[in-house]
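Reader: Could you take me through one part of this model in close detail? I would like to look at the aromatic rings and what surrounds them.

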Amino acid sequence: MRFLTRASSQGRKRGGDVPGFLFLLGLAFAAAACGPATVSPRPAATPGEWLEFEGSWNAAGSRHTISLGEDRLGSIVALKGTMLLTGPGRPGVGFQSEVIGLTDSATGFQGRSVWTDERGDQVYSELRGEGTAAKNQIAGTILSGTGRYAGMTGSYEFSWQWVMEGEEGAVHGRAVDLHGRVQLGPAAGGSPR
């Protein structure tokens, strides 16, 4: 442990303990290099500026279906999952997502969604789409949010794909080709990330 103690003035030669100094210098550089990574911040977005994003969304939940005649079905769905967004315009990185909706095999899908980030701030949206077996393109309209998403508006779209259907209405699905854009409101005052 000599490198942590101070040598007596009698034992030191002129020029000091060069190997010990170099060791301490190397240790300082190693500690600095192993520190937390820093991400250069994205320039703050201006309220009113449109920002684009892409992402993935996986969810599981339940679906209750009733017959509405020979070739028509109605379903209520309740899903919870994870949404991860990419791109420089993303409103956030990751969200817990929750959706409730009604699907009519003849007229399509209508639903509501809430995304909650790691801070508890939320984004609210409504969903509409064909939602039929032949066409499953869904469009979302971002209505507003709380906290850093207050006043945010925007839109997004995706195709929904059922991955697994289990017993008693248990379902798992995912969004395919999720992309959209958001506009920050005056209350957000910059980048929500």
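Author: Let's start with Arg63, whose charged end sits over the ring of Trp162, 4.6 Å from the ring centre. Keep in mind throughout that this is a predicted model.

Trp162 also has an aromatic partner, Trp160. A pair of aromatic rings is described by the distance of the centres and the angle of the planes. For Trp160 and Trp162 the centres are 5.8 Å apart and the planes make an angle of 80°, an edge-to-face arrangement. The cut-off for that label is an angle over 60 degrees, so the pair qualifies.

How much of each partner is accessible? Trp160 has a relative accessible area of 13%, and because buried means under 20%, Trp160 counts as buried. Trp162 reaches 30%, which makes Trp162 partly exposed.

Step back a little and you will see that both tryptophans belong to one aromatic cluster, together with Trp57, Phe95, Trp115, Tyr149, Tyr156 and Phe158. Across the whole structure, a search finds eight aromatic pairs.

There is another arginine worth your attention: the charged end of Arg181 sits over the ring of Trp50, with 3.8 Å to the ring centre.

While you are looking at aromatic residues, have a look at Tyr124 as well. You will find Tyr124 in strand 5, which covers residues 122–129. Its relative accessibility is 32%, so Tyr124 is partly exposed. Leaving aside residues up to four places away in sequence, Tyr124 touches Ser113 and Val114, and also Thr141, Ile142, Leu143, Ser144, Gly145 and Thr146. Gly140 lies 16 residues from Tyr124 along the chain, and the C-alpha atoms of the two are separated by 9.8 Å.

Now for the chain around these residues. Its secondary structure consists of one helix and eight strands, and the helix comes before the strands when you read from the N terminus. Of the contacts with a separation of 6 or more, 48% join residues 24 or more positions apart. Buried residues account for 29% of the 193 residues. The chain exposes about 12100 Å², with carbon and sulfur atoms supplying 57% of that area.

Finally, a word on confidence. The average pLDDT of the chain is 78, and 69% of the residues score at least 70. Residues 1–13 fall below 50, and this stretch has six contacts beyond near neighbours in sequence. Residues 189–193 also stay under 50, although the model gives them 20 contacts beyond four places in sequence.

Terms used: Residues are numbered from 1 along each chain as its sequence is written. This is a predicted model: local features need pLDDT of at least 70, side-chain atom pairs count only at pLDDT 80 or more; totals for chains, interfaces and linings use all residues. Side-chain values use heavy atoms; hydrogens and water are left out. pLDDT is the predictor's confidence in each residue, from 0 to 100. Contact means heavy atoms within 4.5 Å. Helices (H or I, at least four residues) and strands (E, at least two) are DSSP runs, numbered from the N terminus. Buried means under 20% relative accessible area, exposed over 50%, partly exposed in between (1.4 Å probe, protein chains only). Accessible areas come from the Shrake-Rupley method with a 1.4 Å probe; for residues, only the protein chains shown count as cover. Rings of Phe, Tyr and Trp (its six-membered ring) pair if their centres lie within 6.5 Å; planes under 30 degrees apart count as stacked, over 60 as edge-to-face and the rest as tilted. A charge sits over a ring if NZ of Lys or CZ of Arg is within 6 Å of the ring centre and within 35 degrees of the ring normal.
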